[in-house]
Amino acid sequence: MSRTMKIMAIIIGFLALSRPLQAGDVTGFVLDAQSGESIIGVNVFIKATGEGTASNVEGFFILRHRGDGRVELTFSHIAYEDTTLSINLGRENQFISSVVLRPHAIDTKAIEVVGKRTTIIKDMDISSLQVDPVILTEIPQLNKDVFKLIQFSPSVTTSDPMSPQYYVRGSDPGENLVQMDGMTIYNPQHFMGSSAIFNPYSIKNVEMLVGGFDAEYGGRNASIMNISTREGHQSEIHGEFRPSISGISGAIEFPAGENGTAMLSGRTYTDFMLRVMMGSPNLVMDYNAAYQVLLGKTRLRFSGFFARDYMDYSVDNLMLFFPEGLFESFGEGFITNTTNRALGVKFNSVLLPMLTLEGQVYHSASTVDNLTYFNYSITDTAEDFTAALDYKTHIENTIGENTGKANLAWYAFWNQTVKLGFEINDIFFANEVGRFDADPNPNESGAQFQSFFVQDKLELGPLQVKLGLRNSRSQAPGSAGQLRPGKQGEWHMEPRASASLRIPGGHQFKAAYGKYFQYLTTMDSKGDEFVQFLDYYQSLEDREPLHSIHYIVGLNGPLFGDIAYEISAYYKDLQQLYRATYSSTVVAGESSALIEGGSGESYGFEILLRGEFGRLSGWLGYNYSRGFRRYPSILDGERSLFDADQPHNLKSILLFKLTPDIVASSTLQITSGFPRTWETGMRMHGTYDPLTNSTGFFATYITPERNNVRYPARFAWDIGWKKKLRSGFGFNLAEYLGGVDAYMTMTIRNLLFLHRNPVYYFYIPNYGYYGFGAEYLPSISFGYSLQF
Amino acid sequence: MRTLNIVSSILPNPASSSSRAACRGEAPRERRPESRDKHISRYISIFLSSLFVFSCDLPHQPGPMPTEIVETEFVPGLNILGVLRADDQAGTSFINVNRALTTEEIYSDSIENFSPVADYVEVMSVSDSMTYYFSRSNINMEWLDYTNNYLNATAGETYDLEISAPGFPTLTGHTIIPAKPQLVANSLLIEADQISFEIEHQASAYEYKLYLFFAESVLDRVVKPVNGDIIEVDWNFSASNGSPLYLGLTALDENLTRYGNSPISFIPNTYHPDGSTVRGGYGCFGSIAVAVVEL
């Protein structure tokens, strides 16, 4: 046993044997009176003093000893009626198995919900965004997509408007973790980033940690997105049904046996225009199922998830519009086949009022097969010259994971919360690039990631301190107990520390420090595939793990009225990074990604204003951020901008209550342009045919340096409108089908259509360079949804 | 320890207002007057209208242009595709010579001196120092290759290339011609719709392009070496092609493999590493070895 582990064991033993010096804490669960679902973010406070706490993502709360005697304990939440419980505080700990709250009529509170529930910041979390999913339904231009929503966080930047990949505070996309009910989801986007693979109806809560996360979290260095799904209605059948011309989406939740609830949801879409006009079969689907049962003081939850994207696109049908014989040969298209699946069981048990145990076992996997091609041949007989292009990319990538994890939380003396836990991941990788005519021969590898952590949170009056240590390593499978030679087999310590100080006036100062390790990376195919919308996971095998050190400070509090502010500044020392690109791989002739090591840094500050002002609600955020990289193959190792370096970002989500039934919304982004590569010239690239000993040529750009220009600033403004129907066809249809509510939505996108956000610049003879945008006109769309 | 279950005993308390305010011990807030809403609406309208007006780019305008971060100049140079072909015949090797162009040049109506007349194009055998001079039969035909009627490139040999043209840096290249591809003895198996065989892989070959000749058609496929010295190939074909007549095997050297597989930068404003395998210019000087097996 290592020295570190011995010390930790002694400390834990001492704490375990210590008798509590103060008792009388109150714990319990807060539930919805109608559905029985746990409620997140309920404020639990002593009415007389205002001191209190909030329920966590499981609906669990703990109120520390606040003296003796009878007190009025108030449970308050913006979407529920306030409830008060009279209890006796004493030296005994008390556990309240369920406190039920009755919901408000949501319609009248939607706008307040957006302003007040949208960015609930937990007491210690210095950098987190917690979003009530109601915002996804109230803002139709978000298309109920959680990833479109997080782009409005000041901590998030992008590098390609058509790609769903996002960058958090200067880190790469492969350093972001997305989990659904605790299960890692490796490619959480549907085809071409059209939407997240999570049915919005099934989402109960979205929490995104963008920095300073404590020792409980690991495996990724930049961000952790936790999506919690609904547990199901305990007494009635509820759901949603959304038909459209391209598919169908539905969800249903219902009681399932004694103390059990279940939820099923699914979506299936196909583009008929593509099928008919282009002869391109296509399919997008996702299905989600959950069953939860309460066994005494243990909640047991089974979750399953499956998603599939398929498209075989080609332009063959369009060839009839070209003059016959123009091309000797022509082909253009892509074939993409992606699946995502996860299956697991999770339990949450209250062993003692001050002791809870959580555990989970799950399997998750993602398989990707992307082929793109573009080829043509034209012969100019006069010049005896053949123009020919044969461009193909093929990326096959599989990652699978079997994980077991658990953590024990002890709400101890001196207002401490001690947590211990471990996590073991058996990971499988299989990848191959550049395979076209040959049989599959993927490069397969595996690893076992192991980690354990200990963490203590202390409350000392206005000061809260959290100290944690996570220990992690990666081992080759089958060698349990034996360290694999090389750097990954060693244990890596990840200290985490954060502090929060309440300042008079309701303000709070926070600071955090953390060291982070990650044992896998992803491949970059931007510019090789027309749009990269998937992550291709690569094992780091025997290399040093990615690691970085983060420093964060922040200040938040009330500004005036119902407006609150948050300011934070960060610096990240990205000590070890990796870059795996498709381009470099095929040049090197490797079948799996060629990985290059490097380093970098990022820093910035963020300002967020949120709240409610009259009938206006929402948030406005600004951030200044810079990110740099150093790789031997780029600028000879000199410092260069990273792909998503956008120094200035102004983002806003606003809602305005026009009437009790109509809510208008606005989403605005004004951001700096992306760094891009500007070509210096062109040369003729030859294609050689050994059969005929002949050549064809086409022009290709010369790009000696990467990210040598910055695109102009980007402006994006969309507005939306949501109306609850009280008459008309939509209302009558809902009544006929037994629905409870029906809504109409309208979205106008790209209001600033006269401003061009260039995606590419092409050179036009006798004109010069012209910036081509993706959208030139505004678009209007309508939607209808039925709830029952 | 006491456990309470208080499902039915809670009374709602409608008197409380803002939960967050109460948690801080602050008094509930009052509703704002209507006039403030009008002010807010006015300010937002002015801001957004200004944004709309001042961000205009009409379609006929080039649009906002990017700004330079790193100064990057165009580097002129010769651009070639040269292939030495070891096929037991003389005169089948060639070198195509042109030059890199600025973006403005390539889109102009006429490109001056696109294929510069070289002072010399010489290929030297490293083993015996024999030098072969390549020439173009008609210097006015810009797309015509430079050839040499006497060079019978030998599999396994190493050759150096040097090209000099006025106004351009001297371009040099180097290639090791792969060994002539061979099948593993007795590995060939032909069926009605499949042919199977094994290739004896040599380290000098980085890729194999295979051709299956029928009476009226040719099929092709690419195989890459894997770990080990044997490459197993199982090749299915439609029986309607008839019986295969010949099997053509070509082994490509490292240069031609890298150049042929290098990403092509036809997506603008996108970085791609250059697949050139020569020095002092752009392009590729590579080689192949050819073998034909009668079936």
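Two strands count as paired if DSSP finds at least two bridges between them. The exercises below apply this criterion, and others, to a predicted model.

**Exercise 1. Determine which strands form the open sheet that includes β3(B), and which residue stands opposite B:E68.**

Solution.
Step 1. Consider the bridges between β40 of chain A, residues 709–710, and β3(B): there are two, and the strands run antiparallel. The cut-off of at least two bridges is therefore met.
Step 2. Place this pair in its sheet. The order is β37(A)-β40(A)-β3(B), an open sheet of three strands with antiparallel pairing.
Step 3. Identify the edges. β37 of chain A (675–676) and β3 of chain B (67–68) are the edge strands, since each of them pairs on one side only.
Step 4. Locate the residue sought: B:E68 in β3(B) has A:V709 opposite it.

**Exercise 2. Describe the pairing of β33(A) with β32(A), β35(A) and β34(A), giving one residue pair for each.**

Solution.
Step 1. Begin with β32 of chain A (residues 595–613), which is joined to β33(A) by 15 bridges in the antiparallel sense. Within this pairing, A:F605 has A:Y624 of β33(A) as its bridge partner.
Step 2. Examine the connection. β32(A) and β33(A) form a hairpin with two residues between the strands, where A:G614 adopts a positive phi near 65°.
Step 3. Turn to β35 of chain A (residues 648–659): nine bridges link this strand to β33(A), again antiparallel. Here A:L650 of β35(A) lies opposite A:Y622.
Step 4. Add β34 of chain A (residues 640–641), which is antiparallel to β33(A) and joined to that strand by two bridges. A:S640 in β34(A) stands opposite A:R629.
Step 5. Assess the burial of β33 of chain A, residues 616–630. Of its 15 residues, 11 are buried, and the strand is thus mostly covered.

**Exercise 3. Classify the geometry of the ring pairs A:F61 with A:F75 and A:F762 with A:F772, and state whether each ring is buried or partly exposed.**

Solution.
Step 1. Note the setting: over all chains, the structure holds 28 aromatic pairs.
Step 2. For A:F61 and A:F75, the ring centres are 5.6 Å apart and the planes stand at 75°, so the pair is edge-to-face. The two residues are 14 apart in the chain, with A:F61 in β4 (residues 60–63) and A:F75 in β5 (residues 69–77) of chain A.
Step 3. Compare the accessibilities with the cut-off for burial, under 20% relative accessible area. A:F61 counts as buried because its relative accessibility is 1%. A:F75, at 0%, also counts as buried.
Step 4. For A:F762 and A:F772, the values are 5.4 Å centre to centre and 85° between the planes, an edge-to-face pair. A:F762 belongs to β43 (residues 758–764) and A:F772 to β44 (residues 768–773) of chain A, 10 residues apart.
Step 5. A:F762 has 31% relative accessibility and so counts as partly exposed. A:F772 is likewise partly exposed, at 33%.

**Exercise 4. Name the members of the aromatic cluster that contains A:W678, and identify the rings over which A:R579 and A:K722 lie.**

Solution.
Step 1. The cluster consists of A:W678, A:Y711, A:Y761, A:Y763 and A:Y769.
Step 2. A:R579 places its charged end over the ring of A:Y631, at 5.7 Å from the ring centre.
Step 3. A:K722 lies over the face of A:Y743, 4.3 Å from the centre of that ring.

Terms used
Residues numbered from 1 in each chain as written. Chains lettered and ligands numbered in written order. Predicted model: local features only at pLDDT ≥ 70, side-chain atom pairs only at ≥ 80, totals over all residues. Heavy atoms only, no water. Helix = DSSP H or I, 4+ residues; strand = E, 2+ residues; numbered from the N terminus. Buried < 20%, exposed > 50% of the residue type's maximum accessible area, 1.4 Å probe, protein only. Phe/Tyr/Trp six-rings, centres within 6.5 Å; stacked < 30°, edge-to-face > 60°. Lys NZ or Arg CZ within 6 Å of the ring centre and 35° of its normal.
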